[in-house]
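Here is a short report on a protein model, written for reading beside the coordinates. Please keep the structure open as you go.

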Amino acid sequence: MGSVNGRSDNEFEDESLVSPDTLARKSLGLDRGQHGTLSDAEQDFSVKYLKSQLFRSIKVVLFTAKINILMPCGPVAILINYLTANHAWVFFLSMLGIIPLAERLGFATEQLAFFTGPTVGGLLNATFGNATELIISIFALKSGMIRVVQQSLLGSILSNMLLVLGCAFFSGGIIFIKKEQVFNKAAAVVNSGLLLMAVMGLLFPAVLHYTHTEVQYGKSELALSRFSSCIMLVAYAAYLFFQLKNKNTHDPVHEGGSQHEGSLVDEEVAEISQWEAFIWLAILTACISVLSEYLVDALQGASVAWRIPVPFISVILLPIVGNAAEHASAIIFAMKDKLDISLGVAIGSSTQISMLGIPFCVVIGWIMGQPMDLNFQLFETATLFITVLVVAFMLQDGSSNYFKGLMLILCYLIVAASFYVHVDPASVEDKSPQG
Amino acid sequence: MQSEREDLEIEMETLVSSSQSAVKTPHVEIPHNVSLSNVAMSWTLSRLFERLWKNVKVVIFTAKINMLLPFGPMSIILHYLTKNHGLVFFFSLIGITPLAERLGYATEQLAFYTGPTVGGLLNATFGNATEMIIAIYALKHGMIRVVKQSLLGSILSNMLLVLGCAFFAGGIVHSKKDQVFNKAAAVVNSGLLLMAVMGLLFPAVLHFTHSEVQYGKSEVSLSRFSSCVMLVAYASYLVFQLKSHRNLYSPIDEEDRQNEDDPDEVEVPELGQWEAISWLAVLTIWVSILSEYLVNAIEGASDSLNLPVGFISVILLPIVGNAAEHASAIMFAMKDKLDITLGVAIGSSTQISMFVIPFCVVVGWITGKQMDLNFQLFETATLFITVLVVAFMLQEGTTNYFKGLMLILCYLIVAASFFVHVDPADGNV
């Protein structure tokens, strides 16, 4: 017993990542000394082993990233929700609380990708990359806040395409001011094509509805939206298939980047094991879901308290939550002259939301019985249209400089200002949600 | 003696005279009873007169377009004599054209003395001085729609008509090959034009869908904010262009300059620095005066000529400011210097959309006019599709006469559309 305690003390003192070997040796030594069924000592040992693994996991996942300082905001938000009726504070604190959780979710996904190989890893990233936005949207959908769903997804796309990409181009351009940074044109062009296809999917229901030229006013475009969503999901699946198949034969710019990055990252052993990553994924998703519920409930109250239109909160403020981590990593990669990765983060995320996230929400709405459709109303659709055009144009020649980045950022300022003075007409806005 | 000198000056009808006068003046005799200071004063005065006369000759009498100059004073006389707004409008239109051209000339001359950086800046701000002056006068009179439509028309005319004619003429002359130009500059300009469209699109759609916080007021505030953002973008564009100019925009341009031994570059500037500045001031004042009469006569002309005000603002007015640029763009295209042509045409469009329009909004803000970026749906849609068409044409960096013809035909369609377009009675006027 004493010796077991001694060993567990050693494990607690393990501050570094060196432990796996020692643990393996210890468990082998133990097995050799046993005969028959599990003795009490062994049971105690495995419990202690699990506990130490748990503590180590927690340390790696929760305490090593600086962003996790924001974590207490989550529980505080929940407390305030039950103590006061101050929606503004609940909203603000839950926003701050979700940011580190979203970042850790991304980390856990990456870690899991180590164990699943590149194909499934790519798929994982493709689906869970925007898990936060999806979770927030699903909660809003549950409360019947369809406009909030549409606007927050739209805002995520706009923020990725203009703000994140602009900041990345700008900071990369400032650092590498002597030359023009280049990136793989082909990938950018494919993504632009998909984004334009998404705009097409959004444009038709909106214009049909606006010109009152549907067979059944209000209902036809819902049916059309559901059909279009299925098509868009098929397109996205085909895109994933196409991307994963061609990954090996991709041109040097992309491959050089990924090999470089791969060598840097792969030298490290995955920091947590496969099952741990899985479990953390589940835990973090659950935490995010909990906080999202409070976030969505407090939205209207915050809008009233801060005197800001609800569209502005949905389009500009909410996406900050899900995007903060991606934002930082895109800028870092641009400054290291790995523009392909930045583009993958920014534009890939936009494509994912427009071709997977939005249709997926429509389908979920279909299942839940909520009238979620692709009619984002004329102003939002026009905004997406012109933004996709501007960005597609900027990306088409495959080079970047600080001026392009600055232009994208300034465009985002104009978009944000437009939403600051934008309200939905009474006929369109969400009725107050239940609860 | 003075009459002798005057005779000498009057006889100086040709351009040979400068050497003669230099030879003749030392031979003037100084009579005994006139003091030295008197002689010196009359000497400097006559030198001044000489220079003035030479200046006037160079600036006013050497360009053939200046035959149209008398139309200006004539329109003013007509304004006070008759009530025929149509004639006044027509005459002041023709009268401003040569003034605009000379203004461009004076700016070029000044650029010789200020070096490439400030010269570029000068061109960037005064390049469209005529449009700016006309717009500001219209703004002063509260004719907000005229301001917006004339600026829009200027952009459309530059992008479609001027560029189209240049491509067409160049393509016909060099029909054996496809002419090439520097893609990078064209792409940056197209990006800026798209950003301008974005700045114009949001207020228009917000207003049209009645989805603003305060109907009619929010989009004015939004326009003012967007205008400041656009001005910042234009300023950084200038910085970017002047700083990285050599790296990005040179290859085709510089080679041409080195190869052709351009006589224009080798010539000494024709005006002195202060002369150029004074001419700049004089011409600006003249253009302002004529613009006042022009703007005043627009509505009357629309009635008497039976044309919609929109058509006059969008199609006819820009001819005035653009005539000279038009001619020079075509000339440069025929000399296979497409980069300069593009700089003139697309650069001018970019300047108007990212500098002059936001500038007018800011001027309106300062003077309390409700000038905003909501150009109404039809005009915004026109600008949008035009920018798309032109951006697409320019993106591959080559041109031929067919592209030019397409652009000209597009302009005809645009002109026809504005011929049958009126603002609705309840719209903003």
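Start with Asp397(A): this residue counts as partly exposed, at 32% relative accessibility. The model is predicted, so treat every value here as computed from it. Asp397(A) pairs with Lys404(A) in a salt bridge, and their closest N and O atoms lie 2.8 Å apart. Lys404(A) is buried, with a relative accessible area of 5%. The cut-off for buried is under 20%. Lys404(A) therefore falls in the buried class at 5%, while Asp397(A), at 32%, is partly exposed.

**Salt bridges**

The whole structure holds 10 salt bridges over all chains. Three of them are set out below.

| Salt bridge | Closest N to O distance | Relative accessibility |
|---|---|---|
| Lys404(A) with Asp397(A) | 2.8 Å | Lys404(A) 5%, Asp397(A) 32% |
| Arg102(B) with Glu101(B) | 3.0 Å | Arg102(B) 7% |
| Asp423(B) with Arg145(B) | 2.8 Å | Asp423(B) 24%, Arg145(B) 4% |

In chain B, the side chains of Arg102(B) and Glu101(B) meet in a salt bridge at 3.0 Å, N to O. Arg102(B) counts as buried, at 7% relative accessibility.

Asp423(B) and Arg145(B) form another salt bridge, with 2.8 Å between the closest N and O atoms. This pair joins distant parts of the chain, 278 residues apart. Asp423(B) sits in the segment after helix H16 (401–419) of chain B, and Arg145(B) lies in helix H7 (residues 144–173) of chain B. Asp423(B) is partly exposed, at 24% relative accessibility. Arg145(B) is buried, at 4%. Back in chain A, Arg147(A), Glu380(A) and Asp424(A) are joined into one network by salt bridges that share partners.

**Chain A as a whole**

Chain A has 15 helices and two strands. It contains 435 residues, and 51% of them count as buried. Among its contacts with a separation of 6 or more, 83% come from residues 24 or more positions apart.

**The two domains of chain A**

The domain assignment splits chain A into domain 1 (1–64) and domain 2 (78–429). Their contact takes eight residues from domain 1 of chain A and six from domain 2 of chain A. Together the two domains bury about 690 Å², 60% of it on carbon and sulfur atoms. Which three residues supply the most of the area that domain 1 of chain A buries against domain 2 of chain A? They are Ser57(A), Val60(A) and Val61(A), with 61%. Zero salt bridges cross this interface. One residue pair is in polar contact there. On the domain 1 side, the residues divide into four nonpolar, three polar and one charged.

**Where chain A meets chain B**

The contact between the chains takes 33 residues from chain A and 37 from chain B. Chain A and chain B bury about 3,000 Å² between them, 83% of it on carbon and sulfur atoms. Phe393(A), Phe403(A) and Ile414(A) supply 22% of the area that chain A buries against chain B, more than any other three residues.

How many salt bridges does the rule find across the interface of chain A and chain B? The count is zero. Three residue pairs are in polar contact between the chains.

Helix H14 (378–395) and helix H15 (402–420) of chain A each supply at least two residues of the side that touches chain B. H15(A) gives the most, with 12 residues. By type, this side of chain A divides into 25 nonpolar, six polar and two charged residues.

Methods: Residues numbered from 1 in each chain as written. Chains lettered and ligands numbered in written order. Predicted model: local features only at pLDDT ≥ 70, side-chain atom pairs only at ≥ 80, totals over all residues. Heavy atoms only, no water. Contact = heavy atoms within 4.5 Å. Buried area = accessible area lost by both parts, 1.4 Å probe. Polar contact = N/O pair within 3.5 Å; in protein donor to acceptor, adjacent residues only side chain to side chain. Helix = DSSP H or I, 4+ residues; strand = E, 2+ residues; numbered from the N terminus. Nonpolar A, V, L, I, M, F, W, Y, C, P; charged D, E, K, R; others polar. Domains from an automatic or database assignment. Buried < 20%, exposed > 50% of the residue type's maximum accessible area, 1.4 Å probe, protein only.
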